[in-house]
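Colleague: I am new to this structure and would like a close look at a single part of it. Could you pick one helix and its surroundings, and walk me through them?

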Amino acid sequence: SFQSWFQRQPKMTDGGRRPVVLWPDTFNNYFFPDTAKAAVRVLEAAGYRVSVPQAPLCCGRPLYDYGMLDLAKRHLVQIVDVLRPDMRAGVPVVGLEPSCLSVFRDELRNMLPDDEDAQRLACQSKTLSELLLATPGWKPPKLAAKALVQTHCHHKAVLDADKQHEMFEKIGLKLQPNPTGCCGHAGAFGYEAEHYP
C-alpha cells in the first residue's frame, strides 16, 4: 500500500518546509499507489513536508450511497480524531480522490455540524491543484502536450474543477474535454456487476 511505502521512506527534516497532510484514500492507497507516491514528490518539490496518516481510515463514500449513515458518521468521527492536531494547527489536507475530498467538504459538515475540528477539516481540505496554485513562488514544470480530460463527477459538483483545468493549462497542456458525461466510477457504482456492459 501507499501508506506502508510512505512509512519506509526517510522523513524530510523541517528546514522551513510547510506541513501538509496527504490523505491516503482507498483507491490510491491500494489500487494506484504510484499516483500517491508521485504526489509526495510533487509536494516535496513545492517546498512541503508531507505527512500521511498511518491509521486505517476511510471517508466512507460508498456508505452514503447505500444509506449506511451511522457507520459513515463513525468513520468521520475517527478521521477527525486522527487529524485533530493538524486541523488545530491549520495544516492543509490534500486529497487526490475527488469522491473522498467531497465527503470532507460536503457530507462532513452535515454529519458533524457542531464539531469545530470537522468544520476546520472541511475548510482545510484541498485538491492538489488548489494547494499548488496557492503556493507562493511555486511554478509548475512545463509539459507541452494534449490531454483528453474526464472531470470526476464529484469534482464538478462539489470541488473546484476550474482549478484543475487552470493547473493543466499552466503546465502547458492543451485540453480537450471528454464529450461524454459521467464515467460511472464514483463510489461503488463501477464495481457492481450489473453496471458492466
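Modeller: Let's begin at Gly 47, which sits just after helix α3 and takes a positive phi of about 95°. Please keep in mind that this is a predicted model. From Gly 47 we can step back into the helix itself. Helix α3 runs over residues 33-45, a stretch of 13 residues. From its first C-alpha to its last, α3 reaches 19 Å, which is close to the 18 Å expected at 1.5 Å a residue.

Now look at which side chains of α3 are hidden. Ala 36, Lys 37, Ala 39, Val 40 and Leu 43 are the buried residues of this helix. They lie on the same side of α3, because they cover an arc of only 155° around the axis. A general point helps here: an α-helix has 3.6 residues a turn, so residues three or four places apart point the same way. Turn to the other side of α3, and you will find Asp 34, Arg 41 and Ala 45 exposed.

What do the buried residues of α3 pack against? Their partners are two helices that come earlier in the chain, α1 (2-8) and α2 (26-31), together with α8 (128-133) and the strands β1 (18-22) and β2 (48-51).

It is worth placing this helix among the nonpolar cores too. The largest core has 23 residues, and Trp 23, Leu 76 and Phe 104 are among those with the most contacts inside it. Helices α4 (61-65), α5 (69-88), α6 (98-111) and α7 (116-124) each supply at least two residues of that core. Leu 43 of α3 belongs elsewhere: a second, separate core of 21 residues includes Leu 43, along with Ala 46, Val 50 and Val 52. As a general tendency, nonpolar side chains in soluble globular proteins are buried together.

Back in the largest core, Trp 23 is a good residue to zoom in on. Setting aside neighbours within four places in sequence, its contacts include Leu 57, Cys 59, Ile 79, Cys 100 and Phe 104. Two of those names may make you wonder about a disulfide, yet a search of the whole structure finds zero. The sulfur of Cys 59 has its closest cysteine sulfur in Cys 100, 3.4 Å away, and is therefore too far for a bond. Cys 59 counts as buried at 3% relative accessibility, and Cys 100 is buried with a relative accessible area of 5%.

Finally, for the wider setting, the protein has 10 helices and six strands, and 44% of its 197 residues count as buried.

Note on methods. Residues numbered from 1 in each chain as written. Predicted model: local features only at pLDDT ≥ 70, side-chain atom pairs only at ≥ 80, totals over all residues. Heavy atoms only, no water. Helix = DSSP H or I, 4+ residues; strand = E, 2+ residues; numbered from the N terminus. Expected span 1.5 Å × (residues − 1). Buried < 20%, exposed > 50% of the residue type's maximum accessible area, 1.4 Å probe, protein only. Arc of directions from axis to C-beta. Contact = heavy atoms within 4.5 Å. Disulfide = S-S within 2.5 Å. Core = buried A, V, L, I, M, F, W, Y, C linked by side-chain atoms within 4.5 Å.
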